[in-house]
Amino acid sequence: MRIISKLFFVSNFVISKITRKQVWKKVRQKIGNIPHLSIDWDVLTDRFIEPVIWVVDHFADSLGKIFVSLVWLLIQFVVGVAYWIGLSFYWNISAELTIALVIFGHWILLNVVFHYYMALITPPGLPPDAEQIPHIKARCKKCQSVKPERTHHCSICRTCILRMDHHCPWLNNCVGHFNHRYFFLFMVYVVLGMIFLFIFGAPVIVHELSISDASEPIGYPVFHNGSHLLPVKQVEEVSPPRSRSLRRAVSVTVAILCAGILAALGALVGWHARLISRGETSIENLTNKDDREAKRLEGSTFVNPYDYGSYENWRIFLGLSEGRTWWCVFFPSVHPPRGDGISWCFKNDLTHVSFK
């Protein structure tokens, strides 16, 4: 499961040339401080990065489709096992408890499926034509499109994305202004689902591993010769039923799988929640680190112009406006995010295009 956890982290890392340069810059700074160590960083970077870029550029679309199919298969597999093994276990304990667990579990499942599907089909947001926003003069050097604030070029999608966070192969799509909420809530509900499965799946696994097979003989066969019980030589061994072995193997497999997913996505949810609270995307977090360090050396404090305070940052991110309440988070909702992803209201200029 270590491999699965690493896949989640690596696949959700920011894939852009800007980000790669920043990461390598950090690595070079750290290692460059080691005395008597001379490294030709240009050669090393070319040899290591270029094959990776080639693979991503040529196979990203195909790999993305495979990853998306794996996500759907994993959801079906885990839900199917829960029905096959868990439902009968709790039904024999309490019908009322089983009904409550089914309702709660399907609420989680509904949110997982909804938010993943919406993250898949919702375009992250593309910059409009330059004629529509003539006041923005910045242009992308790669695709030559107009480049509003917080917009970055995705080397996989080969286009600029409004308020780009990263390119996610598990979505085969970029995470940007219009689908970021779906992506984050999908991870949140998957983590909630894993916790739910661990709490109520633990008794099921213990039961499956502890009970003996019904057809497995206890002791040894005997016969009565009129005065004594004498052992009978067992002609053939009675093997445990395959269904019991299969149930045990599947139960353990699901437990290990869920542990890996919980560890990987749990860390990602915590990471993204921290960024959302600070009003940053994954890319901005990297660029702001350099700015924070520069300000610190100058003896001043870096101020993120897109940070409106933790509470308001969450309201902006979740699209809580026009009478929408926090209930939109607990049930599927297709409402758009606040703002158009092009103009942003600065803390020191509240007259600049505000959110609606």
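These exercises deal with salt bridges in a predicted model.

**Exercise 1.** Find how many salt bridges the whole structure holds.

Solution. A search of the whole structure gives six salt bridges.

**Exercise 2.** Decide whether the side chains of Glu 208 and Arg 247 form a salt bridge, and work out which parts of the chain the pair ties together.

Solution. Step 1: the N to O distance for Glu 208 and Arg 247 is 2.8 Å. Step 2: the cut-off is 4 Å, so a pair within it counts as a salt bridge. Glu 208 and Arg 247 do meet in one. Step 3: Glu 208 belongs to helix H5 (residues 180-210) and Arg 247 to helix H6 (residues 242-277), so the pair links parts that lie 39 residues apart in sequence. Step 4: Glu 208 and Arg 247 are both buried.

**Exercise 3.** Place Glu 293 and Arg 296 in their helix, and state how accessible each residue is.

Solution. Step 1: helix H7 (residues 282-298) contains both Glu 293 and Arg 296. Step 2: they are three residues apart, about one turn of the helix. Step 3: their side chains meet in a salt bridge, at 2.6 Å from N to O. Step 4: Glu 293 has 35% relative accessibility and therefore counts as partly exposed. Arg 296 has 53% and therefore counts as exposed.

Salt bridges with shared partners also join Arg 278, Glu 280 and Arg 292 into one network.

**Exercise 4.** Is Glu 280 buried or exposed?

Solution. Step 1: the relative accessible area of Glu 280 is 3%. Step 2: buried means under 20%. Glu 280 is therefore buried. Step 3: its side chain meets that of Arg 278 in a salt bridge, with 3.6 Å from N to O.

How values were computed:
Residues numbered from 1 in each chain as written. Predicted model: local features only at pLDDT ≥ 70, side-chain atom pairs only at ≥ 80, totals over all residues. Heavy atoms only, no water. Helix = DSSP H or I, 4+ residues; strand = E, 2+ residues; numbered from the N terminus. Buried < 20%, exposed > 50% of the residue type's maximum accessible area, 1.4 Å probe, protein only.
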